[in-house]
Amino acid sequence: MLRYKKDTPYFSILFDLEKNDFKVVQRWRYNWNNVPGTSRWTYTETKDFHRKVERLIRSVWGSKLLIKVIPGSTLPINYPAAPIKTSFEVNWVMDNSAHWTAAIHKTHPNTYQKGDIRWDARKLSLDSPDQSPINHKFVHTGNGVLYTPGTYLEQGVSWENTLNDFPGIMNTGTELKRRHLDFIRQTINGLVPGMKFELTYGK
């Protein structure tokens, strides 16, 4: 068998070794909230917000998680060793299958509300600009769920947080990113018998 799936409380992993395709899927259930004085969310606005979240996740995380097989691993029979393609998806769900509950707050133009991510509770709080790379890169710095410039290296997981790395919805400082990547590493290394993997976050 060359297709593997692993469900965790935080995400699901789909790993197809026949195609060397690795996918991380999160299911989000939204709560649409309003700062006083803002208009109620329309269905079109909620769809647009989620679409931009998906695009931001793909642009920042998609294909940037680099996975390599650690030398000495036992490869499955008929495994076509090749570069492993990676991708991240965020699916909008309406039921209790959600990995994360996302409270989204509509704010007034050019204003922001402090974001919050609670890993253990699997809850996150964002505001309406949080799906915008431009706001995070040039305006939103220092507020909400943002990057903290610097580097981090631990247990085979490494990446650099710079102004080119603006996935506000994926981290508060570096904390959620650290946990996400380390948890992905732990999960994938227990997924395929005999195989161990090295993870690197690249540009």
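The salt bridges and the largest nonpolar core of a predicted model are described below.

Six salt bridges were counted in the predicted model. One of them joins Arg3 to Glu18, with 2.9 Å between the closest N and O atoms. Arg3 belongs to strand β1, which spans residues 3–7, whereas Glu18 sits in the loop between β2 (12–16) and β3 (21–34); the pair therefore ties together parts that are 15 residues apart in sequence. Both partners fall in the intermediate class of accessibility: Arg3 is partly exposed, at 47% relative accessibility, and Glu18 is partly exposed as well, at 41%. The contact between Arg3 and Glu18 is part of a network of salt bridges that also includes Asp16.

A further salt bridge is formed by the side chains of Glu89 and Lys23, with an N to O distance of 3.2 Å. Glu89 is located in strand β5 (residues 85–92) and Lys23 in strand β3, so this pair ties together parts of the chain that are 66 residues apart in sequence. Glu89 has a relative accessible area of 31% and is partly exposed. For Lys23 the relative accessibility is 21%; because the buried class is confined to values under 20%, Lys23 is likewise assigned to the partly exposed class.

Within helix α1, a salt bridge connects Lys52 with Asp48, the closest N and O atoms lying 3.1 Å apart. Helix α1 comprises residues 43–61, and the two residues are four positions apart in it, so about one helical turn separates Lys52 from Asp48. Lys52 is partly exposed at 23% relative accessibility, and Asp48 is partly exposed at 26%.

Helix α1 also contributes to the nonpolar interior. The largest nonpolar core contains 40 residues, of which Phe15, Phe22, Trp28, Ile184 and Phe197 touch the most other members. The largest share of this core comes from α1, which supplies six residues. In soluble globular proteins, nonpolar side chains tend to be buried together.

In summary, the salt bridges described here include pairs between separate parts of the chain, namely Arg3 with Glu18 and Glu89 with Lys23, and a pair within one helix, Lys52 with Asp48 in α1. The same helix, α1, provides the largest share of the largest nonpolar core.

Conventions
Residues numbered from 1 in each chain as written. Predicted model: local features only at pLDDT ≥ 70, side-chain atom pairs only at ≥ 80, totals over all residues. Heavy atoms only, no water. Salt bridge = Lys/Arg side-chain N within 4 Å of Asp/Glu carboxyl O. Buried < 20%, exposed > 50% of the residue type's maximum accessible area, 1.4 Å probe, protein only. Core = buried A, V, L, I, M, F, W, Y, C linked by side-chain atoms within 4.5 Å.
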